[in-house]
Amino acid sequence: QVHLVESGGGLVQAGGSLRLSCAASGRTFSSFSMYWYRQAPGKDRESVAGISWSGDMTSYKDSVKGRFTISRDNAKNTVYLQMNNLKPEYTAVYFCGAGTPPLGSGPRYWGQGTQVTVSS
């Protein structure tokens, strides 16, 4: 079992930045691929970014490439999502997920989410 807790969400103006964090506890964090997903009101949850257990591989939703950066610190059991040049359509609840390798297999464990609201 892995327990995930997201933080760092909030209200930001369009063009601004936020850094989300996801702290993990439980099973060995470094053995998991990590993901960020988001769910906007009335929409399905969608994948935003993923990172391999070692951090040497990453993947991004096309629309956030160049704006978002996923990273991890295995010594701190934490994964991050740096979000720059935010748009109002990025408003959503952002969820952290953990899954077994390989990257792309998807999360098995989920956090509770953190709200990101981008005002125009």
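Which residue in β3 is the bridge partner of serine 7? I began with this small point, and I noted before anything else that I was looking at a predicted model. In β3 I found serine 21 as the bridge partner of serine 7.

**Entry 1: the sheet around that pair**

I then looked up the two strands as a whole, and found that β1 and β3, the latter covering residues 18–26, pair in the antiparallel sense over six bridges. Following the pairing further, I saw that four strands form an open sheet in the order β1-β3-β8-β7, with antiparallel pairing. The edge strands are β1 (2–7) and β7, each of which pairs on one side only. I also looked up how the neighbours are turned, and the average for neighbouring strands of this sheet is 15 degrees against each other, with direction ignored.

**Entry 2: serine 71**

I picked serine 71 as a residue in strand β7. Serine 71 is partly exposed, and I wrote down a relative accessible area of 30% for it. Leaving out residues up to four places away in sequence, I listed Ile51, Val79 and Tyr80 as the residues that serine 71 touches. I also looked up its distance to valine 2, which is 69 residues away along the chain, and the C-alpha atoms of the two are separated by 18 Å.

**Entry 3: salt bridges**

I reminded myself that side chains of opposite charge can pair when their charged atoms come close. How many salt bridges does the count come to? I arrived at three.

In one of them, glutamate 46 is joined to arginine 38, and the closest N and O atoms are 2.7 Å apart. I checked the surroundings of both partners: arginine 38 counts as buried at 6% relative accessibility, while glutamate 46 is partly exposed with a relative accessible area of 27%.

Glutamate 46 also forms a salt bridge with lysine 61, where the closest N and O atoms are 3.3 Å apart. Lysine 61 lies in the loop between β6 (58–60) and β7 (68–73), whereas glutamate 46 belongs to strand β5 (residues 46–51), so this pair ties together parts that are 15 residues apart in sequence. For lysine 61 I noted a relative accessible area of 28%, so I entered it as partly exposed. Taken together, Arg38, Glu46 and Lys61 are linked in a network of salt bridges.

I also found a salt bridge between lysine 65 and aspartate 62, with the closest N and O atoms 3.1 Å apart. Here both lysine 65 and aspartate 62 are exposed.

**Entry 4: two threonines**

Where is threonine 91 found? I located it in the loop between β8 (78–83) and β9 (92–99). Its side chain reaches the backbone oxygen of proline 88 at 2.9 Å, and a polar atom of the side chain of threonine 91 also lies 2.9 Å from the backbone nitrogen of valine 118. Not counting residues up to four places away in sequence, threonine 91 touches Ala40, Pro41, Gln115, Val116, Thr117 and Val118.

Is threonine 114 buried or exposed? I found it buried, with a relative accessible area of 10%, and I placed it in strand β11 (residues 114–119). A polar atom of the side chain of threonine 114 lies 3.2 Å from the backbone nitrogen of glycine 9. Glycine 9 is also among the residues that threonine 114 touches, a list that, without residues up to four places away in sequence, further includes Glu6, Ser7, Leu20 and Tyr94. Serine 7, with which I opened these notes, is thus touched by threonine 114 and has serine 21 as its bridge partner in β3.

Methods:
Residues numbered from 1 in each chain as written. Predicted model: local features only at pLDDT ≥ 70, side-chain atom pairs only at ≥ 80, totals over all residues. Heavy atoms only, no water. Polar contact = N/O pair within 3.5 Å; in protein donor to acceptor, adjacent residues only side chain to side chain. Contact = heavy atoms within 4.5 Å. Salt bridge = Lys/Arg side-chain N within 4 Å of Asp/Glu carboxyl O. Buried < 20%, exposed > 50% of the residue type's maximum accessible area, 1.4 Å probe, protein only. Pairing = 2+ DSSP bridges. Axes fitted to C-alpha atoms, helices over the stretch in contact; angles between N-to-C directions.
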